[in-house]
Amino acid sequence: MQNHIVVLTGAGISAESGLSTFRDNGGLWEEHSVYDVATPEAFARNQELVLRFYNDRRRQLESAQSNQAHRLLAELESRYRVTVVTQNVDDLHERGGSSNVIHLHGELTKARSSRHPELVYDIGYRDIRQGDTCERGAQLRPHIVWFGEEVPMLDRAAEVVRSADQLLIVGTSLQVYPAAGLVYEVDREIPITVVDPGEPASVSRARFICKGACEGVADWVAGLP
Ligand code: APR
């Protein structure tokens with residue numbers, strides 16, 4: 001049975017592609033209040049502001065490129081079973097070549113019906129505008145898990161993490177639950193490595209590579225059997 005590598009990623013892996021993180025200096029949550037742009041109440045209160053926040057991020061994503069960290073993780077698929085569990089809503093893991101990606105917090109390149117959540121549409125990097133509706137006439141919204149909403153992929157992600165033979169954590173502050181709680185799903189004997197140039201995540205028994213994603217993932221890959 002092939003060695004199963006599970007990689008839990010956050011905004012830090014895409015920082016080296018030029019996309020803002022959330023909680024670093026100059027991060028997205030310094031410029032916007034979560035409560036104005038990333039909750040269902042915000043969407044009900046000011047649809048135009050919320051749609052513009054995600055339209056801006058979608059346009060930025062279109063001109064971004066996947067980086068070496070994304071690509072190295074994809075290349076591992078030729079030697080290992082690899083599953084990426086990401087909190088990121090960008091498509092850079094897929095554009096870097098990864099084929100098993102679980103998006104815990106949704107995807108920028110998809111829209112869904114604000115009234116019929118089973119209706120999800122690929123929109124690429126196009127804007128969602130007020131008046132854009134699903135096939136049943138309800139306003140479209142970003143296919144993003146907002147604060148206070150369920151995380152539909154959580155059980156699937158926990159099952160994947162429990163089957164890991166190695167866990168690599170790249171570029172997440174592990175401050176947002178339930179995603180951060182996935183770290184506690186691995187058995188005690190499973191090695192955990194954290195790649196992060198900042199304050200390492202609160203994973204006491206992990207090995208830390210205190211470098212940026214590109215350099216840190218390259219170091220970690222070099223050490224694999
Ligand atoms: N390489 C690797 N890690 C980096 C880099 C880099 N070049 N630059 C910053 N980091 C690290 C930071 O040190 C921090 O630990 O990336 C992490 C970014 O943390 P956050 O900004 O909190 O992003 P994230 O953990 O992904 O946030 C989780 O919060 O707002 C919600 O839904 C949103 O998915 C997001 C969730």
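Buried residues make up 52% of the 225 residues in this protein. Keep in mind that this is a predicted model.

Overall dimensions next. The radius of gyration is 17 Å. A compact globule with 225 residues would have a value near 17 Å, so the two agree. Along the principal axes, the C-alpha atoms fill a box of roughly 55 × 35 × 30 Å.

Now contacts. Take those with a separation of 6 or more: 61% of them are between residues 24 or more positions apart.

On to the surface. The protein exposes about 10,800 Å². Carbon and sulfur atoms supply 47% of that area. As for charge, there are 23 positive and 32 negative charges. Their mean positions lie 2 Å apart.

Secondary structure: nine helices and nine strands. I want to spend the rest of my time on one strand, β2. That is residues 81–86. How many of its six residues are buried? Five, so to speak of β2 as mostly covered is fair by the cut-off of under 20% relative accessible area.

What does β2 pair with? On one side of the list, strand β1, residues 4–9. Six bridges join β1 to β2, and the two run parallel. One pair to find on screen: isoleucine 5 has valine 82 in β2 as its bridge partner.

Then strand β3, residues 101–103. Three bridges join β3 to β2, again parallel. Here, look for threonine 86, which stands opposite histidine 103 in β3.

To recap β2: parallel to β1 through six bridges, parallel to β3 through three, and mostly covered.

Terms used:
Residues are numbered from 1 along each chain as its sequence is written. This is a predicted model: local features need pLDDT of at least 70, side-chain atom pairs count only at pLDDT 80 or more; totals for chains, interfaces and linings use all residues. Side-chain values use heavy atoms; hydrogens and water are left out. Buried means under 20% relative accessible area, exposed over 50%, partly exposed in between (1.4 Å probe, protein chains only). Helices (H or I, at least four residues) and strands (E, at least two) are DSSP runs, numbered from the N terminus. Two strands pair if DSSP finds at least two bridges between them. The radius of gyration is taken over C-alpha atoms; the globule rule is 2.2 Å times the number of residues to the power 0.38. Contact means heavy atoms within 4.5 Å. Accessible areas come from the Shrake-Rupley method with a 1.4 Å probe; for residues, only the protein chains shown count as cover. Lys and Arg count as positive and Asp and Glu as negative; His and the chain ends are not counted. The place of a charge is taken as NZ of Lys, CZ of Arg, CG of Asp or CD of Glu.
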